[in-house]
Amino acid sequence: MKIGIIGAGAVGSATAFSLIMTGVAHKVVLVDMNEKKALAEATDIGHAAPFASAAKIKSGTYADLKECSIVIVTAGANQKPGETRIDLLGRNVKIFENIIPQIVQNAPDCILLITSNPADIMTDVALKLSGFPKERVIGSGTVLDTSRFRTLLAYYLGVSAKSVHADVLGEHGDSEVLVWSNAEAGTLTLEEYAQDVGKTLDEAKKAEINDSVVNAAYKIIEGKGATCFGIAGALTQICRAIGNNDYSILTVSSHHTDVEGIKDVCLSLPTVINRRGIHHVITPKLAAQEHAKLRMSAETMKDHTEKALAMISQKS
Ligand code: NAD
């Protein structure tokens, strides 16, 4: 599968490395306004490739995106310490107005996979700017947050993260919703599993895990200036599901006509992915409190999306 990546910064280069080393892509094209940086990253990653796969990577221009099955957009401003994802909106809408039409022109049949923050709103912006059907405009959404949630639970409970079924839904950001009510390890609820292995999973422990998941990016950015490996893993998993046509259920973001009564918003719900992109969106079973939190998350997305889409129409 040929995959294009726009933005050769921390996220773009880590993702290119992951796609090449796992063999999920057989060809990667890195495009960045900083051509020197894209060339340097592609050259460096290309030197690692022979240790893992026969995959090839090059830097290039938008014209090199021809025949890409997926184009991942990571270009844009990233959070500085103390900034929220939503603070990036104005800057990244402008960047998307430049990028998205050039992708559409050169790879009209690709699936767009959006990562630049605020990721859900930028997914809606990409949907509008591309004119693609909504099945082909996917946001990385809370795939990363779901992994953070499962990883923390797995460490605490002493079980593989692959055996923990627990999702984060809603915004990839401050209003995201950790779904505790139907989370499982094996066939047991998390509370039953915890009891089985002599651990306490009370409200205080849940609040601690909740806080660690929601604030993970802030802490990583404080320490190293950017997050990149977790999101690279998440993007690789989404590309794998598309390339293998495997109908995986992932908490990607996409456009929904109605979430908890809020119309036309992008956010994450459990979603079946196949080679065409979004195959089916699942309406999750939630506790009353989780329904209310998901509605609040949808409201937050709606407010900011309206502002973002107005920024586009003002210019055109
Ligand atoms: P970075 O600054 O390291 O890289 C951004 C790259 O985009 C730079 O190389 C820059 O030259 C390029 N760029 C900027 N404008 C461009 C344009 N018009 N055309 C082509 N290239 C352009 O940033 P990063 O740490 O890689 O983060 C990138 C984005 O991803 C940010 O918005 C960040 O918040 C977001 N992010 C999202 C997630 C997620 O889970 N969705 C996780 C981490 C980061």
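This passage looks at how the protein holds its ligand, and then at two unusual spots in the backbone. The model is predicted, so every value here is computed rather than taken from an experiment. The structure is a predicted model.

Start with where the ligand is. The ligand sits in the largest pocket. Domain 1 (2-139) and domain 2 (143-310) both give residues to the shell around the ligand, so the ligand lies between the two domains. That shell is made up of 26 residues, and the closest of them are Val 11, Asp 32, Thr 74, Ala 77 and Asn 117. Sorted by chemical character, the shell has twelve nonpolar residues, 13 polar ones and one charged one. Helices pitch in too: helix 1 (10-22) and helix 3 (89-106) supply at least two shell residues each. Helix 3 is the top contributor, giving four residues to the shell.

Now for the polar contacts with the ligand. On the side-chain front, a polar atom of His 172 is found 3.0 Å from a ligand oxygen. The backbone joins in as well: an N or O atom in the backbone of Met 33 is 3.3 Å from a ligand nitrogen, and a polar backbone atom of Gly 76 is 3.4 Å from a ligand oxygen. How much of the ligand does the protein bury? On its own, the ligand would expose 870 Å², and the protein buries 86% of that area.

The backbone has a couple of oddities worth a look. Most peptide bonds are trans, and most residues other than glycine have a negative phi. The bond from Asn 117 to Pro 118 goes the other way: this peptide bond is cis, with omega near -5°. Asn 117 has already come up, as one of the closest residues to the ligand. Its partner Pro 118 is in the loop that runs between strand 5 (111-114) and helix 4 (119-130). The second oddity is Tyr 247, a residue other than glycine with a positive phi, near 55°. Tyr 247 is also found in a loop, the one between helix 9 (229-243) and strand 12 (248-250).

Terms used:
Residues numbered from 1 in each chain as written. Predicted model: local features only at pLDDT ≥ 70, side-chain atom pairs only at ≥ 80, totals over all residues. Heavy atoms only, no water. Near = heavy atom within 4 Å. Polar contact = N/O pair within 3.5 Å; in protein donor to acceptor, adjacent residues only side chain to side chain. Areas by Shrake-Rupley, 256 points an atom, 1.4 Å probe, with all protein chains shown as cover. 1 Å grid on protein atoms, 1.4 Å probe; cavity = no way out; pocket = protein on both sides within 12 Å on 5 of 7 lines; lining within 4 Å. Sits in = over half its atoms within 2 Å of the grid points. Nonpolar A, V, L, I, M, F, W, Y, C, P; charged D, E, K, R; others polar. Domains from an automatic or database assignment.
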